[in-house]
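I opened my notebook to look through a protein model, one topic at a time. Come along and check each entry against the picture.

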Amino acid sequence: MKAAVLYSAGAAENFKLEERQLPVPQEGQVLIQVKAFGLNRSELMTRKGLSPDVNFPRVLGIECVGEVVTDPSGAYKQGQQVAACMGGMGRDYDGSYAEYTILPKQIIYPFSSTLPWEILGAIPEMFQTVHGSLNLALNIQKGESILIRGGTSSIGMLATQMAKLAGLTIIATTRKAEKEKMLLDNGASYVVIDEGSLHDKVRAIFPEGVDKMLELVGTSTLKDSLACVTPGGTGCMTGMLSEQWSIPDFAPMEFIPATVRLTIYDSGQIRSSIQEFQDFIHRVEAGQIKLNVSRVFTLKDIVEAHNFMENNQAGGKIVVLT
């Protein structure tokens with residue numbers, strides 16, 4: 001099989017496409033033929049050497065869709081469509097940047113769909129992250145307001161659609177004024193140009209602040225985003241587009257406004273159900289949700305795909321077909 005192997009941290013050119021032996025699954029594992037996978041900023045950070053405890057060489061990739069080849073337990077039949085994400089993929093063990101991969105059974109989502117692989121490949125981590133952030137972390141409710149900081153990211157675009165379907169009023173942010181129409185067309189109620197501080201702009205729309213806040217930019221903007229939340233409201237940090245893991249000299253009493261709740265969502269810790277995943281796919285099939293796939297690459301073009309992501313050329317999810 002072909003696999004894109006990263007032998008050392010650094011530039012995208014460090015990926016080496018090589019032939020490897022087909023792996024053999026052990027008890028509790030499943031051999032998957034990878035059909036497609038989405039690229040993620042966390043993989044970019046790992047490639048750069050910014051992810052702690054990742055040892056090289058490593059096959060990156062925290063998500064994939066494909067078909068079961070072998071399941072020693074017999075629970076999944078050959079050809080069953082499956083998706084997987086997180087759970088140590090591409091970090092603790094080799095992930096999806098390959099034609100085949102071995103995955104722990106507990107992170108696998110069986111599903112059925114007639115959607116093309118390039119669409120299905122965009123779904124696993126986007127669904128987990130957005131559904132988990134909005135429903136499990138923020139517990140969004142009809143009639144509430146929400147600030148989505150990082151609205152033009154693939155996660156932000158999907159979060160806007162799902163929040164709108166749930167009946168929320170949405171403020172989405174972008175750093176570029178020319179993307180305002182795209183966000184409005186995607187379902188945002190208001191668009192705010194992010195020049196570093198949102199507090200005054202958000203309070204001009206909602207004087208008491210927003211009920212919920214989804215932070216996708218990261219630690220560099222989190223304090224300002226929390227200042228936009230109404231007393232008793234909740235903010236969730238999910239994304240790290242700024243590629244900063246930590247907050248220097250974090251002082252909670254000064255950082256978090258009184259009575260504002262701060263949580264996080266991490267699909268490696270808590271996951272949505274298999275049925276919720278299948279229901280989401282049905283909504284995509286029915287046209288209720290439109291996935292924003294920016295560009296589709298093939299595995300042999302993984303270097304170009306990573307450079308495309310790193311240069312912020314994508315206007316949505318990047319998908320790689322194997």
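My entries below go from domains to cores, a helix, aromatic rings and cysteines.

**Entry 1: domains**

I kept in mind that this model is predicted. I looked up the domain assignment first, and it gives domain 1 (2-125 + 271-321) and domain 2 (138-264). Next I asked how far apart the centres of domain 1 and domain 2 are. Taken over C-alpha atoms, the separation is 28 Å. I also checked where they meet: 16 residues of domain 1 are in contact with eleven residues of domain 2.

**Entry 2: the largest nonpolar core**

A reminder to myself: in soluble globular proteins, nonpolar side chains tend to be buried together. Here the largest nonpolar core has 36 residues, and Leu-134, Ile-146 and Phe-280 touch the most other members. I then traced which elements supply at least two residues each, and found helix H3 (124-137), strand S8 (145-149), helix H4 (154-165) and helix H9 (274-285). Where does this core lie with respect to domain 1 and domain 2? Both domains give residues to it, so the core lies between them.

I zoomed in on Leu-134. Leaving aside neighbours within four places in sequence, Leu-134 is in contact with several residues, among them Ile-146, Ala-159, Met-162 and Leu-214.

I also found a second, separate core of 33 residues, which includes Phe-37, Cys-64, Ala-305 and Phe-308. Phe-308 has another partner to note: Arg-295 lies over the face of its ring, at 5.2 Å from the ring centre.

**Entry 3: helix H7**

How many of the eight residues of helix H7 (residues 219-226) are buried? I found six, so I wrote the helix down as mostly covered. The buried ones are Thr-219, Thr-221, Leu-222, Asp-224, Ser-225 and Leu-226. I looked up what covers them, and the list includes S8, helix H6 (199-205), strand S11 (210-215), strand S12 (229-237), helix H8 (252-255) and strand S13 (261-264).

**Entry 4: aromatic rings**

I searched the whole structure and got nine aromatic pairs. In one of them, Phe-15 and Tyr-97, the ring centres are 5.8 Å apart and the planes stand at 50 degrees, so I noted this pair as tilted. This pair links distant parts of the chain: Phe-15 is in strand S2 (residues 15-19), while Tyr-97 is in the loop between strand S5 (81-85) and strand S6 (100-104), 82 residues apart. Phe-15 and Tyr-97 are both buried.

Tyr-97 also pairs with Phe-37. Their centres are 4.8 Å apart and their planes are at 15 degrees, so this pair is stacked. Again distant parts of the chain are linked, with Phe-37 in strand S3 (residues 29-38), 60 residues from Tyr-97. Phe-37 is buried too.

I marked one aromatic cluster as well, formed by Tyr-109, Phe-111, Phe-127, Phe-277 and Phe-280. Phe-280 is familiar from the largest nonpolar core.

**Entry 5: cysteines**

A disulfide is a covalent bond between the sulfur atoms of two cysteines. My count of disulfides came to zero. Why is Cys-228 not bonded to Cys-236? The sulfur of Cys-236 is the closest cysteine sulfur to that of Cys-228, yet it is 15 Å away, too far for a bond. I checked from the other side as well, and Cys-236 likewise has Cys-228 as its closest, at 15 Å. Cys-228 is buried, with a relative accessible area of 0%, and Cys-236 counts as buried at 0% relative accessibility.

How values were computed:
Residues are numbered from 1 along each chain as its sequence is written. This is a predicted model: local features need pLDDT of at least 70, side-chain atom pairs count only at pLDDT 80 or more; totals for chains, interfaces and linings use all residues. Side-chain values use heavy atoms; hydrogens and water are left out. Rings of Phe, Tyr and Trp (its six-membered ring) pair if their centres lie within 6.5 Å; planes under 30 degrees apart count as stacked, over 60 as edge-to-face and the rest as tilted. Helices (H or I, at least four residues) and strands (E, at least two) are DSSP runs, numbered from the N terminus. Buried means under 20% relative accessible area, exposed over 50%, partly exposed in between (1.4 Å probe, protein chains only). A charge sits over a ring if NZ of Lys or CZ of Arg is within 6 Å of the ring centre and within 35 degrees of the ring normal. A disulfide is a pair of cysteine sulfur atoms within 2.5 Å. A nonpolar core is a set of buried Ala, Val, Leu, Ile, Met, Phe, Trp, Tyr and Cys residues joined through side-chain atoms within 4.5 Å. Domain bounds come from an automatic or database domain assignment. Contact means heavy atoms within 4.5 Å.
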